Amino acid sequence: MSKTIKELQNIMIDQLKRRGFYPKDEYEALLRIGEEVGELYEAVREKQDIENIAFEAVDIIWNLLRFCELKNIDIEKYFFDKLSYNETRDL
């Protein structure tokens with residue numbers, strides 16, 4: 001069941017809109033990324049089970065994809081652009 005990042009983004013956006021949780025702007029999406037990073041730290045600090053830790057990590061990605069969609073950022077394209085750029089940088 002492999003999906004591209006764009007496919008995952010579209011699935012997530014559809015669910016958020018259907019359920020009424022779509023963020024009103026990029027600032028709300030950014031705030032949620034920060035909240036989710038805090039929840040991931042908490043899950044690791046409390047030594048929660050791997051499923052809870054994984055769900056918190058997914059929440060970060062989920063909110064990042066929302067932010068990128070709101071800003072019209074093609075995250076797949078820029079992922080590979082950044083990968084290429086990093087190959088040219090000195091260590």
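**Helix α3 and its surroundings in a four-helix chain**

The accessible surface of the chain comes to about 7200 Å², and carbon and sulfur atoms contribute 58% of that area. The model is a predicted one. Its chain holds 4 helices and 0 strands. Read from the N terminus, the order of elements is α-α-α-α. Along the principal axes, the C-alpha atoms occupy a box of roughly 40 × 35 × 30 Å. Of the 91 residues in the chain, 20% are buried. Among contacts with a separation of 6 or more, 62% join residues 24 or more positions apart.

Helix α3 covers residues 50-70. This helix has 21 residues and spans 30 Å from its first C-alpha to its last, close to the 30 Å expected at 1.5 Å a residue. At the start of α3, a side-chain oxygen of D49 comes to within 3.1 Å of the backbone nitrogen of E51. Beyond the other end, just after α3, N72 adopts a positive phi of about 55°.

The buried residues of α3 are E56, I60, N63, L65, R66, F67 and C68. They pack against three helices: α1 (5-19), α2 (26-45) and α4 (75-88). Individual residues of α1 and α2 give examples of contacts with α3.

Q9 is found in α1. With a relative accessible area of 2%, Q9 counts as buried, because that value falls under the 20% limit. Leaving aside residues up to four places away in sequence, Q9 touches L65, C68 and E69. Of these, L65 and C68 are among the buried residues of α3.

E36 is placed in α2. With the same exclusion of residues up to four places away in sequence, E36 touches E56, D59, I60 and N63. Three of the buried α3 residues, E56, I60 and N63, thus appear in this set. E36 is itself buried, yet has no salt bridge. The nearest side chain of opposite charge belongs to R66, 6.8 Å away. That distance exceeds the limit of 4 Å, so the pair does not qualify as a salt bridge.

R66 also offers a reference point for α4. E87 lies in that helix. The relative accessible area of E87 is 68%, so E87 is exposed, the cut-off being over 50%. E87 and R66 stand 21 residues apart in sequence. In space, their C-alpha atoms are 28 Å apart. R66, by contrast with the exposed E87, is listed among the buried residues of α3.

Definitions and conventions:
Residues numbered from 1 in each chain as written. Predicted model: local features only at pLDDT ≥ 70, side-chain atom pairs only at ≥ 80, totals over all residues. Heavy atoms only, no water. Helix = DSSP H or I, 4+ residues; strand = E, 2+ residues; numbered from the N terminus. Expected span 1.5 Å × (residues − 1). Buried < 20%, exposed > 50% of the residue type's maximum accessible area, 1.4 Å probe, protein only. Contact = heavy atoms within 4.5 Å. Polar contact = N/O pair within 3.5 Å; in protein donor to acceptor, adjacent residues only side chain to side chain. Lys, Arg positive; Asp, Glu negative; His and termini not counted. Areas by Shrake-Rupley, 256 points an atom, 1.4 Å probe, with all protein chains shown as cover.
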